[in-house]
Amino acid sequence: MDIISQLQEQVNLMAQLTFNTIGTLQRDAPPNRLSPNYPEPPPHPTEDGASFAEQAKQMSTALVKAAKQFDALVEALPISEGDEDAQVERIAKLQAENDAIGQELQKQLEAAEKELNQVRELFSQASDNCLNLKKPE
C-alpha cells in the first residue's frame with residue numbers, strides 16, 4: 001500500500017476513534033450540576049466512575065497513538081525537490097518522455113494491427129480454399 005493510501009486509512013481511523021470517543025463520553029459521562037440554582041442531577045445508571053475514567057483514558061491513548069502514527073507517515077513522505085519552477089520543469093520533462101513512449105507504443109500497435117489483418121486475410125483465404133476443395137471421385 002502506498003504512503004498516500006496509508007495516510008487516508010490513518011485519517012479514517014482517527015476520525016472513527018474521535019467519533020467513538022466523543023459518543024462514549026456523551027453516553028457514559030456522569031451528570032454534573034450546571035449551577036447551584038439547579039437541582040442535583042439524578043444518579044447515572046451505568047458503572048462506577050473509576051470504570052468510566054479508565055475507559056476515557058484508554059480511548060484517549062488510542063487516539064494519541066493514531067495521531068503519532070499519522071505524524072510518522074507524514075514524515076515518511078518524500079521531500080519535494082527544489083522550488084516550484086524545478087518541479088514544473090521535471091513534470092514537463094516527464095511529460096515529454098511519456099509522449100515519446102506513447103508514440104512508440106502507437107507505432108507498435110499499428111504494426112500489430114497490420115499484422116493481425118494480414119493473418120486474418122491469410123486465414124480467410126485458407127478457409128475459402130478448404131471449403132472449395134472437391135472430394136476425390
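This passage walks through the layout of a predicted model, from its domains and helices to a few of its charged and nonpolar residues.

A good place to begin is the overall division of the chain. Two domains are assigned, with domain 1 covering residues 3-76 and domain 2 covering residues 81-136. Between the C-alpha centres of domain 1 and domain 2 there is a distance of 58 Å.

Helix H1 spans residues 3-28, and Ile22 is one of the residues found there. The relative accessibility of Ile22 is 46%, so this residue counts as partly exposed, since the partly exposed class runs between 20% and 50%. A partner for Ile22 from farther along the chain is Ala56, 34 residues away in the sequence, and the C-alpha atoms of the two are separated by 9.5 Å.

Leu73 offers a second view of how separate parts of the chain are placed. This leucine belongs to helix H2, which comprises residues 49-75. Leu73 has a relative accessible area of 8% and is therefore buried, the limit for that class being under 20%. Along the chain, Leu73 and Ile4 are 69 residues apart, yet 8.8 Å separates their C-alpha atoms.

Attention now turns to charge. Side chains of opposite charge can pair when their charged atoms come close. In this model the count of salt bridges comes to one. The pair consists of Arg27 and Asp28, whose closest N and O atoms are 2.7 Å apart. The two partners differ in their surroundings: Asp28 counts as buried because its relative accessibility is 11%, whereas Arg27, at 53%, counts as exposed. The cut-offs behind these labels are under 20% for buried and over 50% for exposed.

Negative charge also gathers on the surface, in a patch made up of Asp83, Glu84, Asp85 and Glu89. Within this group, Asp83 sits in the loop that links helix H2 to helix H3, the latter running over residues 84-131. With a relative accessibility of 47%, Asp83 counts as partly exposed. That value also fits its place in the patch, because patch members need over 30% relative accessible area and no salt bridge.

Taken together, these details give a reader several landmarks to look for in the structure: the salt bridge between Arg27 and Asp28, the buried Leu73 in helix H2, and the negative patch that includes Asp83.

Key
Residues numbered from 1 in each chain as written. Predicted model: local features only at pLDDT ≥ 70, side-chain atom pairs only at ≥ 80, totals over all residues. Heavy atoms only, no water. Patch = residues over 30% accessible without salt bridge, like charges linked within 9 Å, V, L, I, M, F, W, Y side chains within 5 Å. Areas by Shrake-Rupley, 256 points an atom, 1.4 Å probe, with all protein chains shown as cover. Salt bridge = Lys/Arg side-chain N within 4 Å of Asp/Glu carboxyl O. Lys, Arg positive; Asp, Glu negative; His and termini not counted. Charge placed at Lys NZ, Arg CZ, Asp CG, Glu CD. Helix = DSSP H or I, 4+ residues; strand = E, 2+ residues; numbered from the N terminus. Buried < 20%, exposed > 50% of the residue type's maximum accessible area, 1.4 Å probe, protein only. Domains from an automatic or database assignment.
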